[in-house]
Structures are given as C-alpha cells and as structure tokens.
Amino acid sequence: MTNSNEKNYIVGLKHDDINAFEKLFNNYQHKIYNFSKSLLGSQIQAEEITQEVFIALWNNRHKLDENGSFSSYIFKITRNQVNNYISKSLHKKIFLDYFEKNEEKPQTFTENEVLFNELKIILERSIEKLPPKRKNIYRLNREDGLTYKQIAEQLNISENTVDTQMRKAIEFIKDTILEEYK
C-alpha cells in the first residue's frame with residue numbers, strides 16, 4: 001500500500017467508509033498480530049489484542065490525522081492494548097497468588113470476602129507508597145478509566161511519560177504486594 005493510498009483510506013475511514021477500514025485492516029492485521037504475539041507469546045492473546053486494536057481504531061476513526069503516520073498510530077494503540085492486557089493479567093495473578101498462598105480453598109463467601117478485602121487493603125497501601133505524580137497517573141488510569149492519551153493531555157505530559165510511569169507503578173505495586181504476603 002502506497003502512502004497516498006493509505007492517506008486516502010484514512011480520509012475514507014474518518015468519513016465512516018467501511019471499505020477503507022477493510023483495506024487498512026487487511027494491510028495491518030498480520031503486522032499487529034505478529035507484534036502482539038512477539039510481546040505476549042500467545043496466539044490467543046495476540047488474536048484478542050488484534051481485535052481490540054481494530055475496534056479502538058474504528059471507535060476513534062474521527063480523531064485520525066491523515067497527515068500523521070498511521071503506522072505509528074496503530075502500533076501505539078497496539079502497545080497500549082498489550083500494556084493494558086499485561087496490567088490486568090498482573091492484577092489477576094497477584095490476586096490468585098494471594099488466595100493460593102493464604103487459603104487453599106476458601107469455603108464460604110465470607111472467607112472469600114475477607115481475603116479479598118485484605119488484598120484490597122494491601123493494594124491500596126502499595127498505591128499510597130508511590131511517588132505523588134506516579135500515584136496520580138496510576139489512579140487516573142485504573143480508577144478513573146482514562147486512556148494514556150487522555151492522561152497525557154490532562155497533565156500536559158507525553159504519552160511516553162504516562163506509559164513509563166504506569167510501568168514503574170505496576171512493577172512497584174507488584175513487588176510490594178508480593179513482599180507483603182511472603
């Protein structure tokens with residue numbers, strides 16, 4: 001696909017042209033899939049990420065810049081989707097590891113609720129230990145549901161800075177929680 005063709009497809013996509021979307025999808029789906037698979041190592045997750053990327057592309061089509069690099073844009077979406085997947089998986093793993101360590105098989109809802117509340121307290125303590133700016137970025141993403149782009153715009157920082165701060169926050173929280181219940 002030439003740059004001028006791609007630009008035409010982007011303009012078409014911005015105007016809800018499903019054929020333009022299909023052309024871009026056909027051109028990028030394998031690249032997105034392979035990139036996701038290389039980061040996650042899983043065919044199933046790579047397929048899910050690829051779907052999520054193109055759903056996000058369609059949902060944000062009106063914001064596209066036909067003069068910008070579409071390749072950079074779509075790979076940024078992919079990176080964000082992969083980061084979100086890893087983060088959610090990490091939180092799930094920490095939660096499951098916690099239950100596994102503290103109770104083989106909780107017998108009642110009350111026991112589950114107590115363990116869950118205990119884990120929430122540990123998680124909140126870990127978040128509170130973050131540096132103020134990192135904590136703010138983490139909360140804006142995880143609690144308020146803002147995207148990296150929205151956070152960057154709100155705080156007048158780059159998306160790269162948001163990404164770096166989120167990675168550091170997640171790593172710190174994971175390490176702190178794991179240390180807490182060793």
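This briefing walks through the charged side chains of the structure above and the partners they meet. The model is predicted, and a search of the whole structure turns up 10 salt bridges. A few of these are worth a look, along with one buried acid that has no salt bridge.

**A link between distant parts of the sequence**
- Glu66 and Lys14 form a salt bridge through their side chains, with 3.1 Å from N to O.
- Because Glu66 sits in the loop between helix H3 (43-59) and helix H4 (70-102) while Lys14 belongs to helix H1, the pair ties together parts that are 52 residues apart in sequence.
- Glu66 is partly exposed at 26% relative accessible area, and Lys14 is partly exposed at 22%.

**A pair within one helix**
- In helix H8 (residues 159-180), Asp163 and Arg167 lie 4 residues apart, about one turn of the helix.
- Their side chains meet in a salt bridge at 3.0 Å, N to O.
- Asp163 is buried, with 6% relative accessible area, whereas Arg167 is partly exposed at 46%.

**A network of salt bridges**
- Salt bridges link Glu124, Glu128, Lys135, Arg139 and Glu143 in a network.
- Within this group, Lys135 and Glu128 meet at 3.1 Å, N to O.
- Lys135 is buried at 18% relative accessible area, and Glu128 is partly exposed at 41%.

**A buried acid without a salt bridge**
- Glu6, in helix H1 (residues 3-14), is buried, and its nearest side chain of opposite charge, Lys31, is 6.6 Å away.
- Salt bridges are counted within 4 Å, so Lys31 does not form one with Glu6.
- The Glu6 side chain does make a polar contact with the side chain of Tyr28, at 2.6 Å.

Terms used:
Residues are numbered from 1 along each chain as its sequence is written. This is a predicted model: local features need pLDDT of at least 70, side-chain atom pairs count only at pLDDT 80 or more; totals for chains, interfaces and linings use all residues. Side-chain values use heavy atoms; hydrogens and water are left out. Helices (H or I, at least four residues) and strands (E, at least two) are DSSP runs, numbered from the N terminus. Buried means under 20% relative accessible area, exposed over 50%, partly exposed in between (1.4 Å probe, protein chains only). Lys and Arg count as positive and Asp and Glu as negative; His and the chain ends are not counted. A polar contact is a pair of N or O atoms within 3.5 Å; within protein, one must be able to donate a hydrogen and the other to accept it, and residues adjacent in sequence count only if both atoms are side-chain atoms.
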